[in-house]
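Please take the sequence and the model together, and follow the chain from one helix outward to the parts that pack around it. The account below keeps to what can be read from the coordinates.

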Amino acid sequence: MTSSPRKEVFLHPGEWLFADREHVISTLLGSCVSIVLWHPQLQVGGMCHYLLAHRNERSSQLSGRYGDEAMLLLLREVLATGRPLQEFRAKLIGGAAILATLEGEHGSNDVAARNADMARLLARQLGLTVQAEDLGGASPRMVVFDVQSGDVWVRLSQDPDTGPTLTGTKRKKT
């Protein structure tokens with residue numbers, strides 16, 4: 001019996017994917033946040049890459065650009081599995097204060113902090129089991145999610161001034 005090659009998918013800002021164990025999903029985060037949901041028995045899961053906590057105006061269509069709406073898009077797929085949401089495990093990643101570091105901005109206009117707060121709020125409101133959280137800091141993160149194992153790998157940049165190019169060597173499994 002031969003196994004089929006794994007499908008690697010890179011998420012750009014505002015994108016999300018819910019997939020089976022044949023997939024490895026990755027993304028690059030700055031102030032954006034990814035929420036990862038995974039079901040250990042089904043070996044299915046999803047990841048989003050949202051830019052802002054919520055939208056300021058109303059829309060009839062959901063967008064993965066906003067945290068609350070990205071979670072609803074993932075929840076639709078969770079419901080389609082027929083399994084309770086509480087059987088899924090969550091990981092929260094991202095929300096680095098890239099702009100605050102570069103421009104010296106802090107305070108109420110902190111997009112990264114609002115994104116991180118939204119991820120925690122959604123997890124708490126939905127009663128999710130958060131297995132790991134890697135939020136905040138000032139370094140961009142490269143995130144890789146193996147849907148088969150549920151492992152999430154995060155690589156941090158060692159120098160926050162490097163911008164979107166990751167030069168760091170720190171790698172950890174969440």
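Just after helix H1, Gly-82 adopts a positive phi of about 80°, and this is a convenient place to enter what is a predicted model. The helix that ends before this glycine has 15 residues and spans 22 Å from its first C-alpha to its last, close to the 21 Å expected at 1.5 Å a residue. Its buried residues are Gly-67, Glu-69, Ala-70, Met-71, Leu-73, Leu-74, Leu-75 and Val-78, and the buried residues of H1 pack against E2, E4, E5 and H3.

Leu-73 offers a closer look at this helix, since it is found in H1 and counts as buried because its relative accessibility is 8%, where the cut-off is under 20%. Leaving out residues up to four places away in sequence, Leu-73 touches Trp-16, Leu-62, Ser-63 and Gly-64. With Ser-63, the separation is 10 residues in sequence and 8.0 Å in space, taken from C-alpha to C-alpha.

Stepping back, the chain contains 3 helices and 10 strands, which follow one another from the N terminus in the order β-β-β-β-β-α-β-α-α-β-β-β-β. Of its 174 residues, 46% count as buried. Among contacts between residues at least 6 apart in sequence, 60% join residues that are at least 24 apart. The accessible surface comes to about 9100 Å², and 50% of that area belongs to carbon and sulfur atoms.

What, then, lies in the interior, and which residues have the most contacts inside the largest nonpolar core? In soluble globular proteins, nonpolar side chains tend to be buried together. Here the largest nonpolar core has 24 residues, and those with the most contacts inside it are Ile-35, Leu-37, Tyr-50, Met-71 and Leu-128. At least two residues of this core come from each of strand E4 (33–39), strand E5 (44–48), H1, E6 and helix H3 (111–126). A second, separate core has 14 residues, including Leu-11, Met-47, Val-143 and Phe-145.

The surroundings of Leu-37 show how residues from several stretches of the chain are brought into contact: not counting residues up to four places away in sequence, Leu-37 touches Val-44, Gly-45, Gly-46, Met-71, Leu-74, Val-78, Phe-88, Arg-89, Ala-90, Leu-128 and Phe-145.

Phe-88, one of those contacts of Leu-37, also takes part in an aromatic pair, and the count of such pairs comes to 1. Its partner is Phe-18, and the two rings are tilted, with 6.4 Å from centre to centre and 50° between the planes. Phe-18 lies in strand E2 (residues 16–19) and Phe-88 in the loop between helix H1 (67–81) and strand E6 (89–94), so the pair ties together parts that are 70 residues apart in sequence. Both partners are buried, Phe-18 at 16% relative accessibility and Phe-88 with a relative accessible area of 0%.

A buried position is also found in the loop between strand E7 (129–135) and strand E8 (141–146), where Ser-139 is placed. Ser-139 has a relative accessible area of 15%, and it therefore counts as buried. Apart from its neighbours within four places in sequence, Ser-139 is in contact with Ala-96, Ile-98 and Ser-157.

The charged side chains come next. Side chains of opposite charge can pair when their charged atoms come close, and in this model the count comes to 6 salt bridges. In one of them, the side chains of Arg-6 and Asp-146 meet at 2.6 Å, N to O. Arg-6 lies in the segment before strand E1 (7–11) and Asp-146 in strand E8, so this pair ties together parts that are 140 residues apart in sequence. Arg-6 itself is partly exposed, with a relative accessible area of 32%.

Glu-87 forms a salt bridge with Arg-83, the closest N and O atoms being 2.9 Å apart. Glu-87 is partly exposed, at a relative accessible area of 30%, and Arg-83 is partly exposed, also with 30%.

A further salt bridge joins Arg-120 to Glu-133, with the closest N and O atoms 2.8 Å apart. This pair links distant parts of the chain, given that Arg-120 is in helix H3 and Glu-133 in strand E7, 13 residues apart. Arg-120 is partly exposed at 31% relative accessible area, as is Glu-133 at 43%. Together with Asp-117, these two residues are linked in a network of salt bridges.

Conventions
Residues are numbered from 1 along each chain as its sequence is written. Side-chain values use heavy atoms; hydrogens and water are left out. Helices (H or I, at least four residues) and strands (E, at least two) are DSSP runs, numbered from the N terminus. Buried means under 20% relative accessible area, exposed over 50%, partly exposed in between (1.4 Å probe, protein chains only). Contact means heavy atoms within 4.5 Å. Accessible areas come from the Shrake-Rupley method with a 1.4 Å probe; for residues, only the protein chains shown count as cover. Rings of Phe, Tyr and Trp (its six-membered ring) pair if their centres lie within 6.5 Å; planes under 30 degrees apart count as stacked, over 60 as edge-to-face and the rest as tilted. A nonpolar core is a set of buried Ala, Val, Leu, Ile, Met, Phe, Trp, Tyr and Cys residues joined through side-chain atoms within 4.5 Å. The expected span of a helix is 1.5 Å times one less than its number of residues. A salt bridge is a side-chain nitrogen of Lys or Arg within 4 Å of a carboxyl oxygen of Asp or Glu.
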